Amino acid sequence: MLKRKIATAILTFIISTIIIASLSPVELLLNDSHNVTGTYFQDIMFISVYVGGGILLFGLPVSILIELITQKLKEARFALSFPLHILFGIIPVFVLGFLVIFSLLVSIVFLLIDELIRYGRVNQLNRSDCNKVVRSFTTTLENRTRQKQ
């Protein structure tokens, strides 16, 4: 279980960081109060610190706890696991305020990746699908860098 959760945390970190950096640049997250303008890569680096810390310090332990709570349930495991992940994704609202939307997004991504790994569906991805994802990411990265210049 621990190996799966760590793999899930790493994949969630990568995917969530890219999604959050794509959805809202750092300037919008900081309300232009810090006059931060950078490339997409700099945005990813800035956001990755917060996403990584959140996953490592909060998301991973909470997911392990949820796993321990729901492991005895067979058919109803996902039915209880999903709302618990949503609940713990919303709890940081007291610290993050409106950024809880991103916390919720990360918790859902974490759950989905964990379930995909659990059932071995990740191995069913074929090479062309992976190539499409990589091409899409590099195109987005190039377009974002050009817009910043």
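Here are some worked exercises on the predicted model shown above.

## Exercise 1: The overall fold

Work out which kinds of secondary structure the protein chain has, and how much of the chain is buried.

*Solution.*
- Step 1. Begin with the elements: the secondary structure comes to 7 helices and 0 strands.
- Step 2. Read them along the sequence, and the pattern is α-α-α-α-α-α-α.
- Step 3. Turn to burial: of the 149 residues in the chain, 31% are buried.
- Step 4. Look at the outside as well. The accessible surface comes to about 9700 Å², and carbon and sulfur atoms hold 69% of that surface.
- Step 5. Finish with the contacts. Among those between residues at least 6 apart in sequence, 67% join residues at least 24 apart.

## Exercise 2: Two helices, end to end

Compare the reach of helices H1 and H6 with the span expected at 1.5 Å a residue.

*Solution.*
- Step 1. Helix H1 covers residues 2–23, which is 22 residues. From its first C-alpha to its last, H1 reaches 31 Å, close to the expected 32 Å.
- Step 2. Helix H6 covers residues 100–118, which is 19 residues. H6 reaches 27 Å, close to the 27 Å expected.
- Step 3. Now see what follows H6: just after the helix, glycine 120 takes a positive phi of about 70 degrees.
- Step 4. Check which side chains are hidden. The buried residues of H1 include Arg4, Lys5, Thr8 and Ile20. In H6, Phe102, Phe110, Asp114 and Glu115 are among the buried residues.

Keep the charged names from that last step in mind for the next exercise.

## Exercise 3: Charged residues under cover

Find the salt-bridge partners of arginine 4 and lysine 5, and decide whether each of these residues is buried or exposed.

*Solution.*
- Step 1. Arginine 4 meets glutamate 67 in a salt bridge, at 2.8 Å from N to O.
- Step 2. Place the partners: arginine 4 lies in helix H1 and glutamate 67 in helix H3, so this pair ties together parts that are 63 residues apart in sequence.
- Step 3. Apply the cut-off for buried, which is under 20% relative accessible area. Arginine 4 is buried because its value is 17%, and glutamate 67 is buried because its value is 9%.
- Step 4. Lysine 5 forms a salt bridge with aspartate 114, with the closest N and O atoms 2.7 Å apart. Lysine 5 is in helix H1 and aspartate 114 is in helix H6, so the pair links parts of the chain 109 residues apart.
- Step 5. Use the cut-off again: lysine 5 counts as buried at 1%, and aspartate 114 is buried at 2%.

## Exercise 4: From pairs to a network

Starting from glutamate 67, trace which residues it touches and which network of salt bridges it belongs to.

*Solution.*
- Step 1. Leave out residues up to four places away in sequence, and glutamate 67 touches Met1, Arg4, Lys5, Asp114 and Arg118.
- Step 2. One of these neighbours also makes a polar contact: the side chains of glutamate 67 and lysine 5 are joined at 3.3 Å.
- Step 3. Follow arginine 118 next. Arginine 118 forms a salt bridge with glutamate 115, the closest N and O atoms being 3.7 Å apart.
- Step 4. Both residues of that pair lie in helix H6, 3 residues apart, about one turn of the helix. In general, an α-helix has 3.6 residues a turn, so residues three or four places apart point the same way.
- Step 5. Their exposure can be read off too: arginine 118 is partly exposed at 25%, whereas glutamate 115 is buried at 9%.
- Step 6. Put the pieces together: Arg4, Lys5, Glu67, Arg77, Asp114, Glu115 and Arg118 are linked in a network of salt bridges. The count of salt bridges comes to 7.

## Exercise 5: A nonpolar patch outside

Identify the nonpolar patch on the surface and the elements that give two or more residues to the patch.

*Solution.*
- Step 1. The patch is formed by Leu56, Leu57, Phe58, Leu87, Ile90, Ile91, Val93, Phe94 and Val95, with about 940 Å² of accessible area together.
- Step 2. Helices H3 (40–70), H4 (77–90) and H5 (93–96) each give two or more residues to the patch.
- Step 3. Take one member as an example: leucine 57, found in helix H3, is exposed at 71% relative accessible area.

How values were computed
Residues numbered from 1 in each chain as written. Predicted model: local features only at pLDDT ≥ 70, side-chain atom pairs only at ≥ 80, totals over all residues. Heavy atoms only, no water. Helix = DSSP H or I, 4+ residues; strand = E, 2+ residues; numbered from the N terminus. Expected span 1.5 Å × (residues − 1). Buried < 20%, exposed > 50% of the residue type's maximum accessible area, 1.4 Å probe, protein only. Patch = residues over 30% accessible without salt bridge, like charges linked within 9 Å, V, L, I, M, F, W, Y side chains within 5 Å. Areas by Shrake-Rupley, 256 points an atom, 1.4 Å probe, with all protein chains shown as cover. Salt bridge = Lys/Arg side-chain N within 4 Å of Asp/Glu carboxyl O. Polar contact = N/O pair within 3.5 Å; in protein donor to acceptor, adjacent residues only side chain to side chain. Contact = heavy atoms within 4.5 Å.
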